[in-house]
Each structure stands twice: as C-alpha cells, then as structure tokens.
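Here are a few short exercises to work through with the model open in your viewer. Try each task before you read its solution.

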Amino acid sequence: MCFFKKKKKEAKEPVISSYEVGQRVGIIQKDFSSIPGVVHDIYLGPNKEVFIDVQVGGECPYVKKGLKEYEIKAI
C-alpha cells in the first residue's frame, strides 16, 4: 500500500474568453483609468459566467479575483 500516490487532477471545462493566461491587461477604474496587470486565471462561475483573476503589482503583487470580462481591457 503506497501512501504517496498523486491525486488525480479534475479536468477543467474549456473556457472561451477574449483573454489568455499571461496576457497583459488593465483593470478599468471608475474614472476610466486603468491599473496594469497580468491574467492569472480564467474560470467559469456558477451561472456559466466567465471570471478572470488578475495579478497586479511588481515587487509585492496581489491577485484581484472575480473580475468580469467587461471590467478589464487589453494593453
């Protein structure tokens, strides 16, 4: 009996989005300026909506989670 077996990864549904992981984008603010970042993850929500996580910052980055496609733009 081996205790060190790897878990099987769940297969993710393919997500059709206008952005790709690793693409440089900008998060749109209320005053229509944008904060630059990089797409970290793309996934589907409970209602089959596309959500995007964006990594913002350089030396001490953070991930802005749960953004919709209309809240970001390509740089």
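**Exercise 1. Find how E1 pairs with E5 and with E2.**

Keep in mind that this is a predicted model.
- Start with E5, the strand of residues 72-74: three bridges link E5 to E1, and the two strands are antiparallel.
- For a concrete pair, take Val25, which sits opposite Ala74 in E5.
- Now go to E2: E1 (residues 24-28) and E2 (residues 34-44) are joined by five bridges, again running antiparallel.
- Here Ile28 has Ser34 of E2 as its bridge partner.

**Exercise 2. Work out whether Phe32 is buried or exposed, and check its phi.**

- Locate Phe32 first: it's in the loop between E1 and E2, a hairpin with five residues between the strands.
- Read off phi: it is near 65°, a positive value, and the residue isn't glycine.
- Then take accessibility: Phe32 comes out at 70%, and exposed means over 50%, so Phe32 counts as exposed.

**Exercise 3. Do the same for Lys48, then look for Lys48 in a pocket lining.**

- Lys48 lies in the loop between E2 and E3 (50-56).
- Its phi is near 60°, positive in a residue other than glycine.
- With a relative accessible area of 57%, Lys48 is exposed.
- Next, the largest pocket, with a volume of about 180 Å³: Lys48 is one of its lining residues, and Lys12, Glu13 and Tyr43 are also among them.
- Sort the lining by class and you get five nonpolar, one polar and three charged residues.

How values were computed
Residues are numbered from 1 along each chain as its sequence is written. This is a predicted model: local features need pLDDT of at least 70, side-chain atom pairs count only at pLDDT 80 or more; totals for chains, interfaces and linings use all residues. Side-chain values use heavy atoms; hydrogens and water are left out. On a 1 Å grid over the protein atoms alone, a cavity is a set of points where a 1.4 Å probe fits but cannot get out, and a pocket is an open set with protein on both sides within 12 Å along at least five of seven lines; lining residues have an atom within 4 Å of a point. Grid points are joined across faces, edges and corners, and a volume is the space filled by probe spheres set on the points. Ala, Val, Leu, Ile, Met, Phe, Trp, Tyr, Cys and Pro count as nonpolar, Asp, Glu, Lys and Arg as charged, and the others, Gly among them, as polar. Two strands pair if DSSP finds at least two bridges between them. Helices (H or I, at least four residues) and strands (E, at least two) are DSSP runs, numbered from the N terminus. Buried means under 20% relative accessible area, exposed over 50%, partly exposed in between (1.4 Å probe, protein chains only).
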